[in-house]
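Let's read a structure together, one feature at a time. Please have the model open as we go.

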Amino acid sequence: MRIFLQCDDIYFVTHFSDYVSHNYSDIEFFCCYDRERAIDTLSSMKGGFSAVICEKDFADSLPDIRNKILFVSDYSSFGDTSSQSINIYQSVPAIIADIKSALSLSSESVNLSDTAIVAMFSVQGGAGKSTIAYALALAAVTQGYRAIYLNFEEFSSESQMHRHEYKGQIENLLFKLSESADIAPVLLDTLEMDENGVYILPPFQSIEDLHSLNKKSIEHLIDTLVQAGNAKYIFLDLPTGFHKITTDFMEYATTILQVYSDTAQGRDKFEKMQSDSYLTTLPISGKRMNILNMAEKPDDEIGIDIKFPKSGSLRDGKMIAEVEERNPSYLAKCNQLLDLIN
């Protein structure tokens, strides 16, 4: 979780910044008392914070950012979501508790239809499903949106996407899910932002932990992510093939992206899936799109919604952020697909 704090009280900002840096490794605070510097930081990192806490009159000068705003005050108030405030004249732990409470109650201002829940699915291993999932999340962040990427693969390939070193673990979240308890506070604690501004969860420690998720806990997780996550996009990177967990997640997706590679195996899988009756019997309401990855030719094809080009940088092991920076056509395809999702 990443929080931006602007306050005119220099003493408070200095004391608060020093305290949280030593005692709250799970929350990253950007603290600032200088207003011009605060505006510059927010302008360069729009969409990159879970919340912005600031002086009420300063909020009018904020750039076009897509963040939850909490006002600095001498009392905490979470009733009216348009003017929620945090009492800074209390202990730092109490301030942190109030911030988490305000964020967990943000569901009152969230329209479920505003969040795109994108399930990444493939029946072909090595098709590039995970690469495209994370690339889309990164492209969304580049556009200024808040994006969450969740990896539910049995054998994660996240190390090829970013260089993030996780500060926490997922066990507490799984425990709360198993209890059917309110998971918003622990979910916000567990979500981390990587170096590219994408929100992610720590990896599952075992396949057993992954498969501990049942339909009820998946519904609870998705609902809480939508309500408390304040994200424009949630990308679900699902296990390859038809697993129970895969089909359960797809039921809650607003969009399902089916990924195939432009190879003999990929095209064979694509043809077979067009006549597969099992997929059509699943209780899926989200729109389905077919993606051909590592396409040899850009020409339109019946049944293919979008083609992703081959990338020498990806083949050479470059991180996705570097690929999108070096290859404008690849980033353009990501943006095109985001438009289709919307």
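What follows is a short dialogue on the sheet, the rings and a helix pair.

Q: Before we start, what kind of model is this, and how are residues numbered?
A: This is a predicted model, in which local features need pLDDT of at least 70 and side-chain atom pairs count only at pLDDT 80 or more, while totals for chains, interfaces and linings use all residues. Residues are numbered from 1 along each chain as its sequence is written, and side-chain values use heavy atoms, with hydrogens and water left out.

Q: How do I read the sheet, and what is its strand order?
A: Strands of a sheet pair through backbone hydrogen bonds, either parallel or antiparallel. Helices (H or I, at least four residues) and strands (E, at least two) are DSSP runs, numbered from the N terminus, and two strands pair if DSSP finds at least two bridges between them. Here an open sheet of eight strands runs β8-β9-β7-β10-β6-β11-β12-β13, with mixed pairing. β8 (192-193) and β13 are at the edges with a single partner strand each, so one side of each has no neighbour in the sheet.

Q: Which strands pair with β7, and in what sense?
A: β7 pairs with β10 (residues 233-237) in the parallel sense over five bridges. Two bridges join β7 to β9 (residues 199-200), and these also run parallel. Tyrosine 149 is a handy landmark: it stands opposite phenylalanine 235 in β10, and its bridge partner in β9 is isoleucine 200. β10 is also joined to β6 (residues 116-121) by five bridges, again in parallel, with isoleucine 117 opposite isoleucine 234.

Q: Is β7 enclosed or open to its surroundings?
A: Buried means under 20% relative accessible area, exposed over 50%, and partly exposed in between (1.4 Å probe, protein chains only). Five of the five residues of β7 (residues 147-151) are buried, so the strand is largely enclosed by the rest of the structure. Ala147, Tyr149 and Asn151 point one way, Ile148 and Leu150 the other, and all are buried.

Q: How many aromatic pairs are there, and how do I read one?
A: Rings of Phe, Tyr and Trp (its six-membered ring) pair if their centres lie within 6.5 Å; planes under 30 degrees apart count as stacked, over 60 as edge-to-face and the rest as tilted. The whole structure has 11 aromatic pairs. In one of them, the rings of phenylalanine 16 and phenylalanine 29 have centres 5.1 Å apart and planes at 90°, so the pair is edge-to-face. Phenylalanine 16 belongs to helix α1 (residues 10-23) and phenylalanine 29 to strand β2 (residues 28-32), so the pair ties together parts 13 residues apart in sequence. Both phenylalanine 16 and phenylalanine 29 are buried. Ring pairs also link Phe12, Phe16 and Phe29 into a cluster.

Q: Where does a charge sit over a ring?
A: The test is NZ of Lys or CZ of Arg within 6 Å of the ring centre and within 35 degrees of the ring normal. The charged end of arginine 146 sits over the ring of tyrosine 199, 3.9 Å from its centre. Lysine 56 lies over the face of phenylalanine 71, at 5.3 Å from the ring centre.

Q: At what angle do α9 and α10 cross?
A: Two packed helices are described by the angle between their axes and the distance between the axes. Axes are lines fitted to C-alpha atoms, for helices over the stretch in contact, and angles run from 0 to 180 degrees between N-to-C directions. The axes of α9 (residues 215-229) and α10 (residues 244-251) come within 10 Å and cross at roughly 40°. That makes α9 oblique to α10, given that angles under 35 degrees count as roughly parallel, over 145 as roughly antiparallel, 65 to 115 as roughly perpendicular and the rest as oblique.
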